[in-house]
Amino acid sequence: MNHENYDLSFPDQPIVDQYLPIWASLPAFRSKPAFIWPNDGSTNVSNGSILTYGQLNDSVQSISCNLLCSLKRSETVVILCSPGLELVEIIFGCQRAGLLSVPIFPPDPSFAKENYHHLARVLSQTKPKAAIADNDYIKKVQQYLSLPSKDKRLAEMLQNMSWISTADIKQKRVGLTADSMFYNGCKTDEIYLIQYTSGATGIPKPVLVTAGSAAHNVRTARKAYDLHPNSVIVSWLPQYHDCGLMFLLLTIISGATCVLASPGAFVKRPRLWLELITEFKATCTPVPSFTLPLVVKRGGVGKGRSKINLWSLRNLIIINEPIYKASVDEFLDVFKPYGLKPSSISPSYGLAENCTFVSTAWRNDDISAGNSSFPNFPSYNKLLPSARLANEEEADMNIIVVNEDTHEPVEDGIEGEIWVSSPSNASGYLGHPFLTQDIFKGSLSNKVGRCFVRTGDRGIVKGEQRFLFVTGRCLDIIKLSNGQEIHPHYIETAAYDSCPQFIRGGCLAAFDFSRMIVLVAEMQRSEKDDKILKNICERIREDVLNKEKVEIGMVVLVSCASVPKTTSGKIQRWAAKDNLLGGKMNVLMEMKFDNYHWGLLPSPGAMIHASNYRDGQRRARLREGEGRRVLVAEEKEEIQVSLSSAAVHHPGLSRL
């Protein structure tokens, strides 16, 4: 059964916030939990907080009225609140007040660890009239401003804003009514949100989202996932942007209940996610693709006091391409005994430039039919699909694959850039008119018509149902000397699989530099044994060569937390490259391989020679850096040696 509308007397609303008064006016919903926040990573509701639909609507009304006492409609505010129910209230309160909000994770107010660069970027680009934060945070900011050693540029921007306490705007004032028939919040065509791109392929950019496009986006997602008032959502994703924020809106338009946790709580104890699903009998949960192998490895299924039961899950929504079939297979093998149904697997695709949601391969129309659900999904080059274009029900959501150079649609079976056109498309980038024109006004060659958002993602359409596979990002593609291309995640996956006991999963970055493929990999611990480190480098190169037929020119092993990521866990390969070249990584060892063939498999003769050479001894050059002592040593390897001799640098960073 599809619950697009729950009742003929309950039509879809043009603004997400306008659903709230409707739910709050219904006796069955006014006391129903809209959001639940278990404190301290606990699943016990008595230790947490509950926000009913009635409480949320009343609080949003108070917040909006209090905000308009000191601000004017359409003015910009930056929201600096920690994850939690208060953040939810303020996000909706700003929408009802008609304000343009910029929610971001609040950096440490001491600003001592250089963790404030994104805040400085936001303040510089959006020029907010005010900042909303709790009292303690505001006091610490004021203490920072009194220091003589403060960053003058940041201090000036902090001082140019008025600071509004969350306690002040949440106060209930006499005379405020939440049941007014006149709605003066954001209009459909007004920008209500600035959400920043993930930063996966470049510096995060501010995306302008209208209230109408956001409402369309979550209505489309509600229909795609068949969400309704009986749905229970569990989410630990960041609530400030993209999927984490979308599920706040999606909860409200569905009349559902959402159980929230912080990303930090999940990373600290991944089992929490499983416990929340079990305790609240969740029907839907969105997670990045890296979650599955992480939970398999660190989920501690048999270690907790409570039993895990995933029978209630109807949608295990997997986001963040690429989505590897092997990871899903492994996750299902582990959790089938705990009630996880294969039909719940929902590979999905989205991006900030389309508000968030674009598509999912999951369908509820006929699960018994072939290719309707996992494990009957086809796979392509180890990946699962994120859409099926032949069955696209939303006529106003148009997804095509285009040749990046000619801007002409490619035939099915040919990889190209994914373009999306829908009412969910955002309005552009703040302060980037030329980039906005290029990205948000994409048009097909020699055709006049609808505009497309150029996603910057590569994809390919396969099969009769026209399954869309998101294969990687255009800017990350590594081009080999013979004209072939490879997505770096294949190299990274093969490298991790070579030494999973030593390398941190999801913490590798492959990129090309000066006609050489470089792989940076985080170690699980700071290994000091040169022999072990060298063997890991050798094993990585050989396994990538065997599995992907691609040569790595240099392997760099770094300490934990060295490879930069986005807030949602995506690898920032461009930043890893910059940090490596700038000497900003804690390098444990780097090994540069001789006789490098610019990513190509060596000739058969060279491979035979290498095979004969493996069982013998080899001469390795160990150098600590330019101008330092050079050690020449002969030793027998504990693992198979590389196909070529290798220069090992430890611990200094060489010039690539």
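# Cavities, a pocket and a buried aspartate

About 80 Å³ of space lies in the largest cavity of this structure. The model is a predicted one. Two cavities of 30 Å³ or more are counted, and the second largest of them holds about 30 Å³. The second largest pocket has a volume of about 870 Å³. Rolling a probe the size of a water molecule over the atoms shows where empty space is left.

**Largest cavity**

- The largest cavity is lined by 13 residues, and Ala214, Met246, Leu249, Cys355 and Thr356 are the closest to its centre.
- Strand E7 (191-196), helix H9 (211-225) and helix H10 each supply at least two residues of this lining.
- H10 gives the most to the lining of the largest cavity, with four residues.
- By type, the lining of the largest cavity has nine nonpolar residues, three polar and one charged.

**Second largest cavity**

- The lining of the second largest cavity is made up of Pro322, Gly472, Arg473, Asp476, Pro488, His489 and Arg573.
- At least two of these lining residues come from strand E20 (467-473), and at least two from helix H16 (488-498).
- Two residues in the lining of the second largest cavity are nonpolar, two are polar and three are charged.

**Second largest pocket**

- A total of 44 residues line the second largest pocket, with Leu351, Glu353, Thr455, Asp457 and Arg473 nearest its centre.
- Arg473 also belongs to the lining of the second largest cavity.
- Five elements each supply at least two residues of the pocket lining: helix H10 (242-254), strand E12 (315-319), strand E13 (345-350), helix H15 (433-440) and strand E19 (453-462).
- H10 gives the most to the lining of this pocket, with five residues, and H10 likewise gives the most to the lining of the largest cavity.
- The pocket lining divides into 20 nonpolar residues, 14 polar and ten charged.

**Asp543**

- Asp543 lies in helix H17, which covers residues 530-548.
- Asp543 is buried and has no salt bridge.
- The nearest side chain of opposite charge to Asp543 is that of Arg539, 4.5 Å away; a salt bridge is counted within 4 Å, so this pair does not qualify.
- Leaving aside residues up to four places away in sequence, Asp543 touches Ala494 and Ser498.

Note on methods:
Residues are numbered from 1 along each chain as its sequence is written. This is a predicted model: local features need pLDDT of at least 70, side-chain atom pairs count only at pLDDT 80 or more; totals for chains, interfaces and linings use all residues. Side-chain values use heavy atoms; hydrogens and water are left out. On a 1 Å grid over the protein atoms alone, a cavity is a set of points where a 1.4 Å probe fits but cannot get out, and a pocket is an open set with protein on both sides within 12 Å along at least five of seven lines; lining residues have an atom within 4 Å of a point. Grid points are joined across faces, edges and corners, and a volume is the space filled by probe spheres set on the points. Ala, Val, Leu, Ile, Met, Phe, Trp, Tyr, Cys and Pro count as nonpolar, Asp, Glu, Lys and Arg as charged, and the others, Gly among them, as polar. Buried means under 20% relative accessible area, exposed over 50%, partly exposed in between (1.4 Å probe, protein chains only). Lys and Arg count as positive and Asp and Glu as negative; His and the chain ends are not counted. Contact means heavy atoms within 4.5 Å.
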